[in-house]
Amino acid sequence: MRILIILILLWGCGSGSAQLSQNFYAKVCPDVENIVKKAVSAKFSQTFVTVPATIRLFFHDCFVSGCDASVIVASTAGNTAEKDHPDNLSLAGDGFDTVIKAKAAVDAVSSCKNKVSCADILALATRDAIVLAGGPTYPVELGRLDGLSSTSASVEGNLPQPSFDLDQLNKMFASRGLSQTDMIALSAAHTVGFSHCNRFANRIYNFSRQNPVDPTLDPQYATQLQGMCPKNVDPRVAINMDPATPRIFDNAYFKNLVQGKGLFTSDQVLFTDSRSKNTVSTWASNPQSLNTAFIQAITKLGRLGIKTAKNGNIRFDCGKFN
């Protein structure tokens, strides 16, 4: 009964939609941001993978069924969850571990226990990871509930693919209320990401009958990729998406695109397509302009599919439903 009363006080009733706010937990868990920040910093000190893994986890969560931490839920005998869809199998375990450890740190404070959603912890951890890698800080809106459903089927066709052209990217992002500028800004996260060779092997070995190597790739970069990803390479081998400054969240991703060093087709097309080329060129030379656009885009991303008291709750364990 006490938990039910707390939830009603937290979420209200009858409004039909949850309202996000920066000070959502001010009364029940005022120090939540510092608690999460310390947990993320501790995880970061163990491995840099914390950064790209957490950012990618947030994107994959929000894009499929809204920012509701449904991607963290483990599969059971009766349900194959989002995380086990083929498009999510490459999500690094360090992202999940970051959220789980931050949740444990929050719940270790008696006044905060079971009062902060996994979805909000993931949103905060994403911001903290970006800052730890040298990226911009920004206020995080809070007040999300955790989703009550997680299915592999819900992922199908709902995540951008490395082979996408600009029309396909724009269509998918637009369906979520995100503009072309938002899409390009969010692509900046690839400045700290990594990929497995099979995700871009076609660009360096069998792009087309006339051109085995994608002609939009810088030839020297293509040769480097072939050296790191020989044919029949171990599928576990991972390549930095930013060959210049892979551990810094900066605008090098856009500088790379100008030089023909985008790893995916969906990266390089941002520069080769005239409709997006000017944005890439601007951000390659103006990091502050990029930061402003990125903050706006990731804030909009964090508002997708917010759950209400009718279709969400605060999960006790991020990996399973209550």
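In the unreviewed UniProt entry for this protein, the annotation "active site" covers H60, and such annotations may be inferred rather than shown by experiment. The structure in which we can look for this residue is a predicted model, and everything described below is computed from it.

Following the chain to H60 brings the reader to helix α3, which spans residues 50-65. Is H60 buried or exposed there? Its relative accessibility is 8%, and because buried means under 20% relative accessible area, H60 counts as buried. If residues up to four places away in sequence are left aside, H60 touches D87, N88, L91 and L159, and these are the residues to select when examining the surroundings of the annotated position.

From here we can turn to the aromatic rings. The model holds eight aromatic pairs when ring centres within 6.5 Å of each other are counted. In one of them, F24 and Y25 meet with 5.0 Å from centre to centre and 85° between their planes, and since an angle over 60 degrees counts as edge-to-face, this pair is edge-to-face. Both partners can also be classified by accessibility: F24 is buried, with a relative accessible area of 16%, and Y25 is buried as well, at 2%.

Aromatic rings can also be grouped beyond a pair, as F59, F63 and F173 show by forming one aromatic cluster.

A ring may, finally, have a charge as its partner, and the example to look for involves K83 and F96. The charged end of K83 sits over the ring of F96, at 4.4 Å from the centre of that ring.

Key. Residues are numbered from 1 along each chain as its sequence is written. This is a predicted model: local features need pLDDT of at least 70, side-chain atom pairs count only at pLDDT 80 or more; totals for chains, interfaces and linings use all residues. Side-chain values use heavy atoms; hydrogens and water are left out. Rings of Phe, Tyr and Trp (its six-membered ring) pair if their centres lie within 6.5 Å; planes under 30 degrees apart count as stacked, over 60 as edge-to-face and the rest as tilted. Buried means under 20% relative accessible area, exposed over 50%, partly exposed in between (1.4 Å probe, protein chains only). A charge sits over a ring if NZ of Lys or CZ of Arg is within 6 Å of the ring centre and within 35 degrees of the ring normal. Helices (H or I, at least four residues) and strands (E, at least two) are DSSP runs, numbered from the N terminus. Contact means heavy atoms within 4.5 Å.
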